[in-house]
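Please open the model in your viewer, with side chains available for display, and follow the stops below in order.

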Amino acid sequence: EIKFYTGAFPANRGGALSSVMDITLKDGNPDKQAFKATIGASEAGFSASGHIGSRTTYVASIRQSYLQLLFKVLGLPMLPNYIDGQFKIKSQLNDRNEITAIALAGIDNMKLNMEPKDDADEYLLSYLPELKQETFTTGISWKHFSDIHTRTLSLGYSYLNNRSIKYNDNDESSEENLRLRSSGMEGKATIRWENRSYYESWTLREGIEVNWRHYDSNIYRKIPSGIPISYSSDIGFLSGAVYFSAEYRSPGDRFTASTGVRADAASYSDETAEIWKQLSPRVSVSYRFGESWSVNASAGLYNQLPPLTALSFRNAEGKLANRELEYMRAISGAIGADWRLRDRLMISLEGFYKHFLDIPVSE
């Protein structure tokens, strides 16, 4: 299931200004074991869905591309290759407790085609670098159900590492030919606790999360004059948030309304640590006319940390140069209508206004 929010993001979804895509992986098949293999024009894949015993289900998949073979036949200068995979395992410990674990990973390896077919390819190969990237997200959550409360404790870690390398004339036989080597690695560890309470037409949600963010970048570049330029920076800091939201649904779900507030802070600087400066209120309403038509409206103020590349930037003396940066902000309002043709088909029309503040740009 995919929920796409262009405004009035749920209060437990932070770090976004423009939109939020909330993806929920389906559970494995509790009744049988199912396997599927696919072969397409650019990739091959395998997926599995099933159960382990009577209380645990799983779903998993993996893909491997062979797009680089097709690109080489076509004589294109870049040869992309990727592998990605994911899995989800869910275990119902008893009637009141369940544990879910997920993992998603991707590997990209972009090489050069050293068999150029014309002068244009020769030119492209003279400056295009080879690219490598690895990314993964993994997490585990424990959910406890009581009479009117659902409590969730989650642990997660996300990682991204991308690298570029380029040699003069693509000759890797000597380090003297090295023209460019760059890498950027970022990671985020998260712990989150959340409670949901259900009172007839009302649903209340409150929670707290703490993150450890770290970033490491290294660049070596040799300009045409032959003078090498080296740059490196690494930072690590804590960030976190507290949030609360309330949702009301009328009998028959004809009218719904929700409101919430979130407060973020980070230990990066005195400016970002002042949590009262990063309050993010939001509100939304929706009314359904009959079975097919509904109208909705939303408004909110959202906060997001600047990019880690900006936060970690150092001057010639090696000191962090952007300590004065504040959280980026967006004021957003939207109104729209939905037309549900049938259970699996809906057409939406929405108009919105967004005003962005404190966005850092490169000089």
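Begin by selecting Leu-279 and Asn-303 in this predicted model, where the backbone oxygen of Leu-279 lies 3.3 Å from a polar atom of the Asn-303 side chain. With Asn-303 still selected, add Ser-280, because the side chains of Asn-303 and Ser-280 make a polar contact at 2.8 Å. Asn-303 belongs to strand S15, residues 293-304, and at 4% relative accessibility this asparagine counts as buried.

Which residues surround Asn-303, once its neighbours within four places in sequence are left aside? Three groups can be displayed in turn: Gly-15, Ala-16 and Leu-17; then Lys-277, Gln-278, Leu-279 and Ser-280; and finally Tyr-327, Met-328 and Arg-329, each of them in contact with Asn-303.

**The second largest cavity**

Keep Asn-303 on screen, since this residue is also part of the lining of the second largest cavity, which has a volume of about 40 Å³. To complete the lining, select Phe-9, Arg-13, Gly-14, Gly-15, Ala-16, Arg-262, Arg-282 and Tyr-302 along with Asn-303. Colouring this selection by residue class should give 3 nonpolar, 3 polar and 3 charged residues.

**The largest cavity**

The structure holds 2 cavities of 30 Å³ or more, and the next stop is the largest, with a volume of about 50 Å³. Select Leu-112, Met-114, Glu-130, Ile-165, Lys-166, Tyr-167, Asn-170 and Glu-172, which line this cavity. By class, the lining has 4 nonpolar, 1 polar and 3 charged residues, and strand S9 (residues 149-167) gives the largest share of it, with 3 residues.

While strand S9 is in view, move to Ser-164, which is found in this strand. Is Ser-164 buried or exposed? At 17% relative accessibility, Ser-164 counts as buried, because the cut-off for that class is under 20%. Beyond the neighbours within four places in sequence, Ser-164 is in contact with Pro-129, Glu-130 and Leu-131, and also with Leu-180, Arg-181 and Ser-182. Glu-130 therefore deserves a second look, because it appears both among the contacts of Ser-164 and in the lining of the largest cavity, while Ser-164 itself counts as buried.

**The nonpolar cores**

In soluble globular proteins, nonpolar side chains tend to be buried together. For the largest nonpolar core, which has 12 residues, select Tyr-215, Ile-235, Phe-237, Ala-266, Tyr-268, Leu-305, Leu-308, Ala-310, Leu-311, Leu-320, Leu-325 and Tyr-327. The elements that give two or more residues to this core are strand S12 (228-249) and helix H3 (308-311), and H3 gives the most, with 3 residues.

Within this selection, centre the view on Leu-320, which, not counting residues up to four places away in sequence, touches Ile-235, Tyr-268, Leu-311, Ser-312, Phe-313 and Arg-314. A second, separate core has 8 residues, and Ala-8, Phe-9, Ala-16 and Leu-17 are among them. Phe-9 and Ala-16 were already met in the lining of the second largest cavity.

**The second largest pocket**

Return to Ala-310 and Leu-325, two members of the largest nonpolar core, and extend the selection to Phe-313, Asn-322, Glu-324, Pro-360, Val-361, Ser-362 and Glu-363, which together with Ala-310 and Leu-325 line the second largest pocket. The volume of this pocket is about 310 Å³, and its lining divides into 5 nonpolar, 2 polar and 2 charged residues.

**Two residues with positive phi**

Most residues other than glycine have a negative phi. Asp-358 is not a glycine, yet has a positive phi of about 60°; look for Asp-358 in the segment after strand S17 (345-357), where, at 39% relative accessibility, it counts as partly exposed. Glu-200, also not a glycine, has a positive phi of about 50°. Select Glu-200 in the loop between strand S10 (178-199) and strand S11 (202-222), where this glutamate is exposed, with a relative accessible area of 86%.

**The whole chain**

Finally, zoom out to the full chain, which has 3 helices and 17 strands and whose C-alpha trace spans about 70 × 55 × 40 Å along its principal axes. Buried residues make up 33% of the 363 residues in the chain. Of the contacts between residues at least 6 apart in sequence, 54% join residues at least 24 apart.

Terms used: Residues are numbered from 1 along each chain as its sequence is written. This is a predicted model: local features need pLDDT of at least 70, side-chain atom pairs count only at pLDDT 80 or more; totals for chains, interfaces and linings use all residues. Side-chain values use heavy atoms; hydrogens and water are left out. On a 1 Å grid over the protein atoms alone, a cavity is a set of points where a 1.4 Å probe fits but cannot get out, and a pocket is an open set with protein on both sides within 12 Å along at least five of seven lines; lining residues have an atom within 4 Å of a point. Grid points are joined across faces, edges and corners, and a volume is the space filled by probe spheres set on the points. Ala, Val, Leu, Ile, Met, Phe, Trp, Tyr, Cys and Pro count as nonpolar, Asp, Glu, Lys and Arg as charged, and the others, Gly among them, as polar. A nonpolar core is a set of buried Ala, Val, Leu, Ile, Met, Phe, Trp, Tyr and Cys residues joined through side-chain atoms within 4.5 Å. Buried means under 20% relative accessible area, exposed over 50%, partly exposed in between (1.4 Å probe, protein chains only). Helices (H or I, at least four residues) and strands (E, at least two) are DSSP runs, numbered from the N terminus. Contact means heavy atoms within 4.5 Å. A polar contact is a pair of N or O atoms within 3.5 Å; within protein, one must be able to donate a hydrogen and the other to accept it, and residues adjacent in sequence count only if both atoms are side-chain atoms.
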